[in-house]
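Here are a few short exercises to work through with the model open beside you. Try each task before reading its solution.

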Amino acid sequence: MDANVRIRAARWADKDPVGALIAAALHSTPLAAWLVPDPAVRRRVLTNVLAIWVEHAMFYGDSHVTDDLTAATVGFHRYRPIPPPANYRLRLGDAAGTHADRFDKLDILLSALRPTEPHYHLAFLAVHPNARRTGRATAMLTHHRSRLDRIDLPSWTDTTTDAHTLYSRHGYTPRPSITLPDGPTLQTMRRNARLRGVVPVNSDSSAEHRGQDLHA
């Protein structure tokens, strides 16, 4: 990874760029095609919906980014149930239009498997397509792991089944998978609190190429 790239907490002014970054990372994936089948509007819809969740994390979680805004994590502190984003039904309709039902279905399926105990929900890990294979995904997960170990909290994430190798190297273990109706299979993963182990400094490049999380 470029030694000049540093990780910091995202600021309020970063929320729209972070939403756009995650949309760019997801755009070419089977999940994005399932959520928004129309490629002509896919980038716009993803960006608008993701902006809602990134903003929500500013109130009920956190977001961390590289200084150059080419990689980000977004997560939620689920010490107890948290409310949906403000005016979510209206805002989702405005952002996703006729595709809103797909986002609803995804959220319902993922929420059903999420732990009820206090945990950190790593909703998104994204690396811009132009910055992949540079160690950023590994750096972001290493930073994420060190923060979790300080607060002694388990973590939960949702990812594609072919991207879980990167997370496994950071202590995550596979949990039940979900196959979306006529869509891709998603893998839920859990990391126990204060899990110790040796994690390689460099990840497999193909795993990092695919390493984006999915949805809040």
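**Exercise 1.** Which residues point one way from strand 2, which point the other way, and are they buried or exposed?

*Solution.* Keep in mind that this is a predicted model. Start with one face of strand 2: Gly61, Ser63 and Val65 point that way. Next, turn to the other face, where you will find Asp62, His64 and Thr66. Finally, check the accessible area, with buried meaning under 20% relative accessible area. Residues on both faces are buried, and the count for strand 2 (residues 61-66) is 6 of 6.

**Exercise 2.** Find the strands that pair with strand 2, and give the direction and the number of bridges for each.

*Solution.* Begin with strand 1 (residues 7-9), which runs antiparallel to strand 2 and is joined to it by 3 bridges. Within this pairing, Ile7 has Thr66 as its bridge partner. Then move to strand 3 (residues 71-78), which is also antiparallel to strand 2, with 5 bridges. Here His64 stands opposite Thr73. To finish, look at the link in this hairpin: 4 residues lie between strand 2 and strand 3, and Leu69 has a positive phi near 55°.

**Exercise 3.** Describe the largest pocket by its volume, its lining and the classes of its lining residues.

*Solution.* First take the volume, which is about 330 Å³. Then list the lining: there are 18 residues, and those nearest the centre are Arg78, Pro81, Ile82, Ser111 and Arg114. Last, sort the lining by class, which gives 10 nonpolar, 3 polar and 5 charged residues.

Notes:
Residues numbered from 1 in each chain as written. Predicted model: local features only at pLDDT ≥ 70, side-chain atom pairs only at ≥ 80, totals over all residues. Heavy atoms only, no water. 1 Å grid on protein atoms, 1.4 Å probe; cavity = no way out; pocket = protein on both sides within 12 Å on 5 of 7 lines; lining within 4 Å. Points joined across faces, edges and corners; volume = space filled by probe spheres on them. Nonpolar A, V, L, I, M, F, W, Y, C, P; charged D, E, K, R; others polar. Buried < 20%, exposed > 50% of the residue type's maximum accessible area, 1.4 Å probe, protein only. Helix = DSSP H or I, 4+ residues; strand = E, 2+ residues; numbered from the N terminus. Pairing = 2+ DSSP bridges.
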